[in-house]
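Let's take a walk through this one, pockets to begin with and then some helix packing and charge pairing. Have the model open and follow along.

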Amino acid sequence: MADLFGNVLNLQWQQVVMWLIGGLLIYLAIAKDMEPTLLLPIGFGTILVNLPQSGAVTQIIDGIEETGVLDVLFDSGISNELFPLLLFVGIGAMIDFTPLLSNPKLMIFGAAAQFGIFFTLIMASLLGFDIADAASIAIIGAADGPTSIFVANYLNSQYVGPIIVVAYSYMALVPIIQPPVIRLITTQKERRVRMKYAGREVTKTTKILFPIIITIIAGLVAPRSVALIGFLMFGNLIRECGVLDSLSDTAQKVLANLITLFLGITVASKMQAEAFLNKETLMILGLGLVAFIFDTVGGVLVAKIYNLFAKDKINPMIGAAGISAFPMSARVIHKMGLEEDPQNFLLMHAAGVNVSGQIASVIAGGLILTLFA
């Protein structure tokens with residue numbers, strides 16, 4: 001009974017606020033179906049680590065340091081980048097690069113949609129963040145959770161927790177963030193442009209060679225991205241080789257789900273009140289939104305510039321799918337196209353840009369590491 005009253009007396013209002021934040025994340029995961037595989041474990045973990053004298057994280061109790069299980073998981077799974085890299089194997093096994101391979105020029109728009117990363121890097125630096133933290137915050141614009149975790153941890157950012165929560169939260173909000181931005185910078189006529197699917201047939205050999213060639217090119221251009229792009233492309237090679245179907249299924253389902261589960265609750269070890277409730281967290285929240293908005297703007301504007309010179313016009317909305325929120329962004333663009341014209345089917349084009357954005361975001365992360373590690 002004395003221990004119970006002692007814990008109540010040790011409870012701080014900041015910890016209660018973190019319980020509410022954790023509850024909000026759980027609510028969004030369950031009621032709104034927003035990235036539930038990550039927001040739910042992060043939300044529950046947030047409550048867990050903000051209990052007085054929580055045994056889940058390392059704390060000094062009665063002068064004795066007690067190691068928390070979540071810190072053990074963090075040191076063994078995130079500090080050495082193991083969890084994000086293993087998750088990339090599963091993501092690679094899920095991705096079908098056929099829409100991109102059948103129309104390679106779509107890679108241009110995937111690259112253009114990484115503009116928000118570098119714009120946000122400048123903004124974060126101007127707001128007073130040191131260069132490592134600014135680079136870590138900027139990678140939120142990759143719209144790719146594992147890349148955000150990998151880069152922020154590699155650069156030893158003190159804001160790992162807020163960065164990851166903001167990255168995954170905005171990924172879940174892509175259907176809310178992108179449409180108004182796209183409508184603001186396009187005309188109705190542009191949004192109604194119809195595109196023919198003129199892609200050529202992609203051979204099995206091409207699908208097998210693609211992940212190998214991309215890994216080599218990325219390794220030469222951005223050596224720091226080799227681990228990220230290599231694991232992503234290894235997963236895709238397992239998918240496309242045709243002789244490892246059981247391993248491909250395991251990577252897509254069992255491996256990806258298991259790593260995601262541990263990743264979410266482990267990240268929560270950085271969601272303790274003293275590290276999370278500060279003005280910097282609010283700034284990161286704002287900068288993350290800036291990154292997503294300017295990713296969208298960059299992709300659309302480059303698509304519009306392309307139309308100035310192209311004989312066959314493209315619908316500039318597909319440029320916004322270059323943000324690496326796969327496959328959510330492609331679905332958002334397809335839905336917007338149908339709203340403007342029920343006969344306008346943009347899914348394959350948007351999917352091609354979307355998967356190219358997945359590659360571009362990983363390479364962008366590697367460039368950030370090359371420049372600032």
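Helix α2 is the top contributor to the lining of the second largest pocket, giving four residues. Keep in mind that you're looking at a predicted model. This pocket holds about 310 Å³ of space, and 14 residues line it. To find the middle, look for Ile21, Val165, Phe276, Thr281 and Leu285, which lie nearest its centre. Besides α2 (13-31), the helices α11 and α18 (279-309) each supply at least two residues of the lining. What kinds of residues make up this lining, by class? There are 11 nonpolar and three polar ones, with no charged residues.

Now swing over to the largest pocket, with about 850 Å³ of space. Its lining is made of 29 residues, and the closest to the centre are Glu35, Thr37, Met171, Phe326 and Pro327. A whole set of helices chips in with two or more residues: α3 (36-49), α5 (82-94), α10 (145-154), α11 (160-172), α16 (245-267) and α19 (328-340). Of these, α16 provides the largest share, five residues. By class, the lining of the largest pocket has 17 nonpolar, seven polar and five charged residues. Helix α11 is worth a second look, since this helix is on the list for the largest pocket and also on the one for the second largest pocket.

Next, the helix packing. Two packed helices are described by the angle between their axes and the distance between those axes. For α14 (residues 204-221) and α15 (residues 226-240), the angle is about 170° and the axes are 9 Å apart. With an angle over 145° counting as roughly antiparallel, that's why α14 is roughly antiparallel to α15. On the α14 side, the contact includes Lys204, Ile208, Pro211, Ile212 and Thr215; on the α15 side, Val226, Ile229, Met233, Leu237 and Glu240 are among the partners. Sorted by class, the contact has nine nonpolar, four polar and three charged residues.

Last stop: the charges. Side chains of opposite charge can pair when their charged atoms come close. The structure holds six salt bridges. One to pick out joins the side chains of Glu339 and Arg183, at 3.4 Å from N to O. Glu339 sits in helix α19 and Arg183 in helix α12 (residues 174-185), so this pair ties together parts that are 156 residues apart in sequence. Helix α19 should ring a bell, as one of the elements lining the largest pocket.

Note on methods:
Residues numbered from 1 in each chain as written. Predicted model: local features only at pLDDT ≥ 70, side-chain atom pairs only at ≥ 80, totals over all residues. Heavy atoms only, no water. 1 Å grid on protein atoms, 1.4 Å probe; cavity = no way out; pocket = protein on both sides within 12 Å on 5 of 7 lines; lining within 4 Å. Points joined across faces, edges and corners; volume = space filled by probe spheres on them. Nonpolar A, V, L, I, M, F, W, Y, C, P; charged D, E, K, R; others polar. Axes fitted to C-alpha atoms, helices over the stretch in contact; angles between N-to-C directions. Parallel < 35°, antiparallel > 145°, perpendicular 65-115°, else oblique. Contact = heavy atoms within 4.5 Å. Salt bridge = Lys/Arg side-chain N within 4 Å of Asp/Glu carboxyl O.
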